[in-house]
Each structure stands twice: as C-alpha cells, then as structure tokens.
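Got the viewer open and the selection box ready? Let's take a walk through this one, stop by stop.

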Amino acid sequence: MTSALSRLRGRFDKRQSSDQLSERVRRLLVTTLYAQPSSLAIGALCIICAASVSAWIADMPELYVAAAVLTVIATARVAAALALDAEAEGNSTATLELVYEIGAFSFALALGCTAAFVIIDGSSTQVEVLMVCNAVGYGIGVSARNAGRLTIAMGQLCLTCVPIAIACFWTAKPGFITLGVTILLLIPAMISICGNIFTVLRDSIASAETSARLADKMQVLARTDVVTGLANRAGLNHAMVETMMGVDEKSRLALIWVDLDRFKEVNDLLGHPVGDRVLNGVAKRLREVSPEGSTVARFGGDEFIIFCPINNRQDAERLASEIHAEIMRPFRIDGERLEVRASLGVSLLPENGNDADTLMQSADLALYHAKVGGRSRTCFYDSSMSRDLARRREIEDELRAAIQRDELSIYFQPIVDLETGRIKTFEALVRWFHPHKGELRPDEFIPVAEETGVIVTLGNWITAQAARVAATWPDDVTVAVNLSPLQIRAPGAALGIKSALREAGLDPRRLELEVTESLFIEDNHATAAFIEELSDIGVRFALDDFGTGYSSLGYINTFPFSKIKVDRSFVSGAQVGRKSDAIIRAVAEMGTTLGMDIVAEGLETIDQVQVVRDAGCNLGQGYYFSRAVPDYLAAMLLAQEREQDGRRASA
Ligand code: C2E
Ligand code: CA
Ligand code: CA
C-alpha cells in the first residue's frame, strides 16, 4: 500500500517538475480545488439523492450499493478536506493535489459506472433520465469548477462520461447511440472551455504573483543599506515600529547608537573605497556581536544603531564593551593595519522612554556626551543631559544673535614687563553683555561656541575687532588674541587672520596668537600648516595656560613659540609652593635659553609679582596690574604711560 502510494507520488512529482508553473502559482491553483467546499457538498448531495431515489424507484439492490459507495467516497472526501488545511505550509502541494485527485476520480468513476449500469439495465426511463442527467451535469459542472488543475477537471469529466457513452453504444439503440456521441463530444468541448479558463486563471495568478514578489523585493531593497547590507534608516524604522507594537510592561530594550571616531579622516586620507570596506567590516562585527532578535542598522555615514532585547542594564553595558572591543580590533585592508574607534550612546526602554522617537533622542544625546567627553567611550542617557542640551541650545541661538546685535565686546588686559613696568601687550578677552542675563564670562559661552562651531564666526569677529583697536596703539605695543583649536582647524583659518590684519592695517608682527597645549594632542597637518603660514608673515605664537595640559616639551621645540604663559594655578592656585616655584624657575630658564618670553598669569599681589620675577619670568599679567578693560581705558593706560615717559624724559 505504502509502496503504491509512493509510486503514485513519484509519478506525481515527476509530472510536477516538468510543469512550467512555479511552485507558488501551482499552490494557489491547488488551493482553488479546496475553495468553496459548499459547491462540492451540493454536487455530492444531489448525486447521492439521485442514486438513492433511483434505487427506491427501480428497487434495485445494485443501486443501493452504488448510493452507499458514493456516500462513503463523499464522506471520505469531506473528512480529508477538513483534515488537510490547504492554506497550511506543512501540507505539500503534491499531497493536497493527490488526495483531491483520488477522491475526485473515484467519485466520478463510481458515478459514471452507476449511470452506465442504469442504461444497460434499461428497466426504468425515469431512473435513466435521473442518473444520466445528474452524472453528465456533475461531470460538466465539476470540470469547470476544477479548471485550475486541468488533469483533474478532464479526468473527472472522462470518468463520468466515458462509461455512460460506452453503455449507450452497448444498447445499440439509435437514441442512446446519439446520446453517447453527444456525450463524447462534450469532452473536447469542455477541454477547450476549461483550457481557456485555466490559461486565464494561471496567467492572472502568475502576474499577481510576479508583482507581489517584485513589490516584496522593492521593499527589501528600500530598507537595506547598499554598502553594508544592514538595515538602513527606513529598515530601522520599520523594525522599531514592529518591535514597539509587541512591547509590554515586562519588555526591556536597548538602543545603542554607534558613531565611529574621526572616520572622515579614513575617507579623506585613504579614499572612499577603503572607507566602505571599513564600514563593511564594522557592520559584520556588529552583526556578530549583537544578540539574537537585534536589529542592526547603518544610520547613514559612519553611524550604526543596534536595537536589541535585553534582560537588564548590565546586558547593555556588557554589549557596549563588546562592541568597543570588536571595533577596536585592527582591520587589515590590502595588507595595511587600520585601527578604528567608536563612541557609543545608549538609551533603555522603559527607563529612558517608551516610544521609538524618545529612545532615539535619548541615545543621540548620550552619544553627543560620549563624544564631547573625549570620544571612544560609552555614555548611558540620563535626564541631566536633556537639561544641559536645552541650556546649550539656548546659548547657541543667542550667541549667533549676539554677534549681530552687538552684545559682544572685546576687553583688553595688559601684559607688563616685570623689569620696567611697561605694557608690552594687551590680551584681547571677549565679553558678552546679555540683555537679560547680564555679563557672561567667556568660560560660560566659549565651550558652547566651540562645540557648535559658532567659534569660527565668533573668532574671526574677535580677531578683526582686536586688530582694529590695536592699530590705534603705539607701534611697540602688541595685541594677543586667543584661538580655539577648532578655529585653527577650520578651512581658511589663516586667511581669516590675514584679512583681519589687512583690513585693520596692522603689522602682522604686532599680532600674537595664544594657543593651548590641547591643540597638539592630535598630530594634525592643518595645525602645522596654519602656524607655519602665519609665522612666515611675522605673526607670533604664545603657548597659553602652560602646565595645565599635556606639557610635552616636544612641540615647544617643533613650533616657533615666542612666548610661554605659565598658568595662573602656579601663581595663585592651591598647589602654590616650592614645587610650583621650581617649575616656574625651570620654565623661565628654558625661556631664557631659547629666547622666549615667559609670562606669569594671574598675578594679584605684589608678593606674587616678586616671586615670579625672582623665579625668572620677564612678563606678568593679572589683577595686580589691571583687569581686562574696554578699549578706551586701554588707550588711557597707554597714554598715561607715555605721559610718564615724557615727564621722565623732560626731568
Ligand atoms: P585665558 O586665556 O587664560 O585668559 C586669562 C583669564 O584669566 C581671563 O579670564 C582673565 O580675566 C583672567 N585673569 C587675568 N588676570 C587674573 C587674575 O589676576 N586673577 C584671576 N583670578 N583671573 C585673572 P576670562 O576673560 O574670563 O577668560 C577666560 C578664558 O576664556 C580665557 O583664559 C580664554 O581661554 C577664554 N577666552 C577669553 N576670550 C577669548 C577669545 O576671545 N577667544 C577664545 N578662543 N577664548 C577666549
Ligand atoms: Ca589667553
Ligand atoms: Ca591663560
């Protein structure tokens, strides 16, 4: 029995493979066999009634048997249809088709034979009409219904009609012979009709399938990042929406925003193809390290997002450090070793938000903090970040407006020769007179200006103002302007300084630019070029806040500093004592040897002035001499000095 079944199935499979129809179209056509079971039931019921009534009228035991056989087959078919779910994936198309075929063919054959028997018996015209009409009607109706599977449709028609036709010819009566011929003619007619129905059905299903598949493909493409094969923005959104729909109060999720540090340099220096390969490598590692059920997406540029289920915060912390470790593993590209680092911002559901937007914003803020806090780190979101951001945004907006509204001023603080007491330089220090908040210290807004990039505009404005004022001073007084690293690295930085000098008509040798050690943490080509370009025209450079930063003497040797400003913490800070004294002495000695001026910052008392002078500093700056003052007061200080000079000369 089993071998017979497998043979049957083998025959079936062979037929299937030779079939031109794609599996999905075939499947849909086969499901049409199982669709509308009511039409099948009505057909079967009519036939069973006809056979039973015929048996009763003719009182023939054979017809009772036939009615019973038809009932058994019909019941078995209904049971099989109920047991086999045509929509379920588990049931193969071949099985569904075979089961249907066995039921349909045996029912059709039983019916055809019953009608044929009635004709051959010839005892009751009533019964003949009843059975033949029902059988032929069933054969035609069912073949039209099953046009989706032509073999089944034609098989059913032939199995009902051919026995009847044979019986008709058997009687050798002209009426029956004519009936037999017309019944046989029905077969080619129905083949043609069903063939047409089948073609239309198959083509429309196939084209619907094609467009559905195309739409699927387009959708996948639209949600995939071409470079890495990860989800893109749209893909991430889609995945997040789907995940968020299934979230309940027990769900915990982490959103990790990964931003590669200084990836732009990889692109600029090694080219985009290499950049793409690095992105690909990072994507692969992120995919590997992410837990099951995660969505890993590339969020444009060098940013990635991992959205994943977690059990607790520790899970997210562990994952974040694994991500760092994976990304930091050097890449090998064309035999070259390449190291990449990343900053991570993490937000958690439900702690930091219950919807996708809030989680994204929180992770973004956390990432921002990670980057500002020195990069290559992970920051978890906390609510103070939002407050910080609001304050910064406010200052940023107002700062842009402040430049336009003339709320900013430059004040000047003298730097004095400790031997003669004469003003050698004025340091330009920016002040912001806010209409509501009053005077704001540069420490409050310069960092914001640096982070937001406003410093470039602001810095150019300060240099231009300072140069204009300095041009009105005597030729031997110089002006010092503070420069932020960001300003120096901005494109066209040197040009900005040069045009400020030109517009003010100030000799470049009278401008001093104060830079801090932080500028040299990164070995940056732009910095060196900037310093060289301006040094060439005579602009001088001072190293500001010396002793607070990295204090590598290497760059003092590399760059042409004319001045070192010892930070005020050495003069008036908590650590002031023998140690700081020794440091000032050492720096002063180096200054004398290398021909550099050494400025002591933050001198507030005469004692401090004495100490630094004894230690060897030749210049001093601080409240002891003067606070930073507006330009007209700076001019007055200079005028006073000249007046004293004049008096001394005439005396
Ligand atoms: P800095 O370059 O070290 O400037 C010296 C700071 O020390 C000034 O503060 C000055 O007012 C203060 N100071 C001077 N003498 C004394 C003293 O005897 N005792 C004490 N306690 N402080 C003294 P200010 O003007 O608030 O500037 C703070 C910082 O803001 C500056 O430090 C500088 O780094 C930055 N900054 C100021 N103006 C500008 C600017 O125009 N551009 C840039 N990029 N940064 C600026
Ligand atoms: Ca300074
Ligand atoms: Ca300083």
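One bit of vocabulary before the first stop: a molecule sits in a cavity or pocket if more than half of its atoms lie within 2 Å of its grid points. By that rule, ligand 1 in this predicted model sits in the second largest pocket.

**Stop one: the pocket.** Start by selecting E427, L429, P442, D443 and N482, the lining residues that lie nearest the centre of the second largest pocket. Then widen the selection to the whole lining, which runs to 39 residues around a volume of about 1,100 Å³. How many of the lining residues are nonpolar, polar and charged? Colour by class and you'll get 14 nonpolar, 11 polar and 14 charged.

Now switch to cartoon view. Strands that each supply at least two residues of this lining include β8 (408-417), β9 (423-434), β11 (478-482), β12 (511-516) and β13 (540-546). On the helix side, pick out α15 (442-452), α16 (454-470) and α17 (485-489), each with at least two lining residues as well.

**Stop two: ligand 1.** Show ligand 1 as sticks and bring up the 21 residues around it. Which of them come nearest? Select R431, R441, R568, E604 and Y623. The shell has 7 nonpolar, 5 polar and 9 charged residues. Which element gives the largest share of the shell? That's β9, with 4 residues; β9, α15 and β13 each supply at least two.

Next, turn on distances for three side chains:

- R568: a polar side-chain atom is 2.7 Å from an oxygen atom of ligand 1.
- N482: an N or O atom of this side chain, which you met near the pocket centre, lies 3.1 Å from a ligand oxygen.
- S484: here the partner is a nitrogen atom of ligand 1, 3.2 Å from a polar side-chain atom.

Put a surface on the protein before you leave: 88% of the 790 Å² of accessible area that ligand 1 has on its own is covered.

**Stop three: two backbone oddities.** Most residues other than glycine have a negative phi, and most peptide bonds are trans. Go to P350, in the loop between β6 (342-349) and α13 (356-372). The peptide bond joining L349 and P350 is cis, with omega about 10 degrees.

Finally, jump to D59, in the loop between α3 (37-58) and α4 (61-83). D59 isn't a glycine, yet its phi is positive, at about 50 degrees.

How values were computed: Residues are numbered from 1 along each chain as its sequence is written. Chains are lettered from A and ligands numbered from 1 in the order in which they are written. This is a predicted model: local features need pLDDT of at least 70, side-chain atom pairs count only at pLDDT 80 or more; totals for chains, interfaces and linings use all residues. Side-chain values use heavy atoms; hydrogens and water are left out. On a 1 Å grid over the protein atoms alone, a cavity is a set of points where a 1.4 Å probe fits but cannot get out, and a pocket is an open set with protein on both sides within 12 Å along at least five of seven lines; lining residues have an atom within 4 Å of a point. Grid points are joined across faces, edges and corners, and a volume is the space filled by probe spheres set on the points. Ala, Val, Leu, Ile, Met, Phe, Trp, Tyr, Cys and Pro count as nonpolar, Asp, Glu, Lys and Arg as charged, and the others, Gly among them, as polar. A residue is near a molecule or strand if one of its heavy atoms lies within 4 Å of it. A polar contact is a pair of N or O atoms within 3.5 Å; within protein, one must be able to donate a hydrogen and the other to accept it, and residues adjacent in sequence count only if both atoms are side-chain atoms. Accessible areas come from the Shrake-Rupley method with a 1.4 Å probe; for residues, only the protein chains shown count as cover.
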